[in-house]
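User: Could you take a close look at one loop of this protein with me, and then follow its surroundings into the rest of the fold? I would enjoy one connected account.

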Amino acid sequence: MDEPIRRLEFETMLLTRHSDLFNAQARRASRRLDRSAYVLLSRIEIDGPMSIGQLANAFGLDCSTLNRQTAAMLRAGVVERIPDPEGGIARKFSITAEGRARLTDDRRRNHESLARILDGWEPEEVADFVAMVHRFNEGIERLEGRPWPRP
């Protein structure tokens with residue numbers, strides 16, 4: 001298994017590099033969300049309003065990191081603080097209309113980019129690739145003990 005693991009490590013390194021480069025270029029060209037805002041908004045979109053503590057548990061990050069990230073998101077107008085809809089003490093972060101619009105726009109652009117990358121692939125190949133990436137992500141989530149809810 002050593003050789004396949006070595007090749008997988010190399011390919012995931014390239015995948016991360018390509019993703020980082022592509023997203024950085026796209027952000028400079030428009031008002032796209034940064035990666036942390038995109039991921040946080042995607043999680044809030046699935047789970048609904050979340051407190052700093054809930055976000056810390058969901059992402060395995062410390063509260064100071066999340067405070068910086070959510071402060072930037074508040075300044076950008078993509079989230080707002082609301083009272084806990086379930087009556088708890090902690091305030092929660094909710095997506096604003098601006099945040100939802102930007103998340104939707106970024107997701108549409110990501111879909112368009114993926115469609116260009118996968119141009120020429122057979123539908124079965126795409127389905128197989130998605131299934132393998134899904135399984136890979138679930139393996140990471142299992143090891144972290146933080147499953148990601150899927151829509």
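**The loop at Gly77 and what surrounds it**

Analyst: Happy to. Once the neighbours within four places in sequence are set aside, Gly77 is in contact with Thr96, Glu98 and Gly99. Please keep in mind that this is a predicted model. Gly77 sits in the loop that links helix H4 to strand S1, residues 79–82. Is Gly77 buried or partly exposed? With a relative accessible area of 26%, Gly77 is partly exposed, because the buried class ends at 20%. Gly77 and Ile95 are 18 residues apart in sequence, and their C-alpha atoms are 8.9 Å apart in space.

Let us step back for the setting. The protein chain has six helices and two strands, and from the N terminus their order is α-α-α-α-β-β-α-α. Of its 151 residues, 26% count as buried. Taken along the principal axes, the C-alpha atoms fill a box of roughly 50 × 35 × 25 Å. Among contacts between residues at least 6 apart in sequence, 50% join residues at least 24 apart.

Now to strand S2, where Lys92 has its place. Lys92 is a buried residue, at 6% relative accessible area. Its side chain makes a polar contact of 3.4 Å with that of Gln54. Beyond its neighbours within four places in sequence, Lys92 touches a long list of residues, including Pro49, Met50, Ser51 and Gln54. Glu80, Arg81 and Ile82 are also among the contacts of Lys92, as are Asp84, Pro85 and Glu86.

Gln54 falls within the span of helix H3, residues 52–59, which brings us to that helix. Its buried residues are Ile52, Leu55, Ala56, Ala58 and Phe59. These residues lie on the same side of H3, because they cover an arc of only 165° around the axis. What covers them? The cover includes helix H2 (35–47), helix H4 (63–76) and strand S2 (92–95). Just after H3 comes Gly60, with a positive phi of about 70°.

From helix H4, Leu66 shows one part of that cover in detail. Leu66 is buried, at 0% relative accessibility. Ile52 and Leu66 are 14 residues apart along the chain, and 6.7 Å separates their C-alpha atoms. Leaving out its neighbours within four places in sequence, Leu66 is in contact with Ile52, Leu55 and Ala56, as well as with Leu40 and Leu61.

From helix H2, our example is Arg43. Arg43 is buried too, with a relative accessible area of 7%. A polar contact of 2.7 Å connects the side chains of Arg43 and Asp47. With neighbours within four places in sequence left out, Arg43 is in contact with Ala58 and Phe59, both of which are buried residues of H3. Gly48 and Met50 are in contact with Arg43 as well, and so are Pro147, Trp148 and Pro149.

Finally, a word on the surface and the charges. The protein chain exposes about 10,500 Å², of which carbon and sulfur atoms supply 57%. It carries 24 positive and 24 negative side chains, and the centres of the two sets lie 7 Å apart.

To draw the path together: Gly77 lies in the loop between H4 and S1, while H4 and S2 belong to the cover over the buried residues of H3. Leu66 of H4 reaches Ile52, Leu55 and Ala56, Lys92 pairs with Gln54 through a polar contact, and Arg43 touches Ala58 and Phe59.

Conventions:
Residues numbered from 1 in each chain as written. Predicted model: local features only at pLDDT ≥ 70, side-chain atom pairs only at ≥ 80, totals over all residues. Heavy atoms only, no water. Helix = DSSP H or I, 4+ residues; strand = E, 2+ residues; numbered from the N terminus. Buried < 20%, exposed > 50% of the residue type's maximum accessible area, 1.4 Å probe, protein only. Contact = heavy atoms within 4.5 Å. Areas by Shrake-Rupley, 256 points an atom, 1.4 Å probe, with all protein chains shown as cover. Lys, Arg positive; Asp, Glu negative; His and termini not counted. Charge placed at Lys NZ, Arg CZ, Asp CG, Glu CD. Arc of directions from axis to C-beta. Polar contact = N/O pair within 3.5 Å; in protein donor to acceptor, adjacent residues only side chain to side chain.
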